[in-house]
Amino acid sequence: MTAEPLERSLDRHEQLTRPDPYALPLVLRTARESDLPELRRLDEEVFQEVAYPGFLLRQLFDMYEEHFLVLDDGTGRLRGYVLAATRALGGDSWILGLCVTQDRRRHGLGRELMTEVLTRLRRDGIGVVRLTVEPANLAAILLYRSLGFHPEEPDAGLRRDYFGPGMDRQILRLDLPGGGGQGGQVQGG
């Protein structure tokens, strides 16, 4: 599995949906090692107390660089990212992070990031993608459901104390047509 370079301008999409016509266009591309300090800043800005520690973000980049995509505004600031992890054996994946800065939300950018990473995962033979989401995060749940994700059984995907006391999460699953995973049996997680 070799990484294809991805640098796709979102100019047209941005012009159609962005309220500020003078804002800089965004580029959806694969993360680079030089992005790590900015990725840490972005992760802390969006996820605050549950942000990845710097050393872990570095290791996730090293392991999953091909499926670590960013939204670059061209000024050295990243406005969003998505990170998907794949297992060495098996055809399944987990989305470990999806975020867009507050000032760029509600313009379809999370969908752009997810669509691109799902395309890459399918291309790489992944058949099942899972993710966790805070049950109260209705905007994220609606996005994931619109992309075809559904609650994983049992208990409609709700896992109490998944990340620790009081940190419940809903587990959602997407079976990718044409991927190499086994669509029936739930594995791991």
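**Exercise 1. The fold as a whole**

Among contacts in the chain between residues at least 6 apart in sequence, what percentage join residues at least 24 apart?

*Solution.* Keep in mind that this is a predicted model.
- Step 1: Go through the secondary structure, which comes to five helices and nine strands.
- Step 2: Write down their order along the sequence, β-α-β-α-α-β-β-β-α-β-α-β-β-β.
- Step 3: Turn to the contacts. Of those between residues at least 6 apart in sequence, 62% join residues at least 24 apart.
- Step 4: Add burial and surface to the picture. Buried residues account for 46% of the chain's 189 residues, and the accessible surface is about 10,100 Å², with 53% of that belonging to carbon and sulfur atoms.

**Exercise 2. The two sides of H3**

Find the buried residues of helix H3 and work out how they are placed around its axis.

*Solution.*
- Step 1: H3 runs over residues 54-64, and its buried residues are Leu57, Leu60, Phe61 and Tyr64.
- Step 2: These residues span an arc of only 100° around the axis, so they sit on the same side of H3.
- Step 3: Recall the helix geometry: with 3.6 residues a turn, an α-helix has residues three or four places apart pointing the same way.
- Step 4: Look at the other side of H3, where Phe55 and Met63 are exposed.
- Step 5: Ask what lies over the buried residues. Their cover includes H2, strand E3 (68-72), E4 and E5.

**Exercise 3. The largest pocket**

Describe the largest pocket by its volume, its lining and the elements that supply that lining.

*Solution.*
- Step 1: The largest pocket holds about 1,400 Å³ of space.
- Step 2: Its lining consists of 42 residues, and those nearest the centre are Phe47, Leu98, Asn137, Ala140 and Tyr144.
- Step 3: Helices H2 (36-47), H4 (109-123) and H5 (138-146) each give two or more residues to this lining, as do strands E4 (78-86), E5 (92-100) and E6 (128-133).
- Step 4: E5 gives the most, with seven residues.
- Step 5: Sort the lining by class, and you have 23 nonpolar, 10 polar and nine charged residues.

**Exercise 4. A residue in H4**

Is threonine 115 buried, partly exposed or exposed?

*Solution.*
- Step 1: Locate threonine 115 in helix H4.
- Step 2: Take its relative accessible area, 39%. Buried would need under 20% and exposed over 50%, so threonine 115 is partly exposed.
- Step 3: Compare sequence with space. Leucine 147 is 32 residues from threonine 115 in sequence, and their C-alpha atoms are 8.0 Å apart.

Terms used: Residues are numbered from 1 along each chain as its sequence is written. This is a predicted model: local features need pLDDT of at least 70, side-chain atom pairs count only at pLDDT 80 or more; totals for chains, interfaces and linings use all residues. Side-chain values use heavy atoms; hydrogens and water are left out. On a 1 Å grid over the protein atoms alone, a cavity is a set of points where a 1.4 Å probe fits but cannot get out, and a pocket is an open set with protein on both sides within 12 Å along at least five of seven lines; lining residues have an atom within 4 Å of a point. Grid points are joined across faces, edges and corners, and a volume is the space filled by probe spheres set on the points. Helices (H or I, at least four residues) and strands (E, at least two) are DSSP runs, numbered from the N terminus. Ala, Val, Leu, Ile, Met, Phe, Trp, Tyr, Cys and Pro count as nonpolar, Asp, Glu, Lys and Arg as charged, and the others, Gly among them, as polar. Buried means under 20% relative accessible area, exposed over 50%, partly exposed in between (1.4 Å probe, protein chains only). The arc is that of the directions from the helix axis to the C-beta atoms. Contact means heavy atoms within 4.5 Å. Accessible areas come from the Shrake-Rupley method with a 1.4 Å probe; for residues, only the protein chains shown count as cover.
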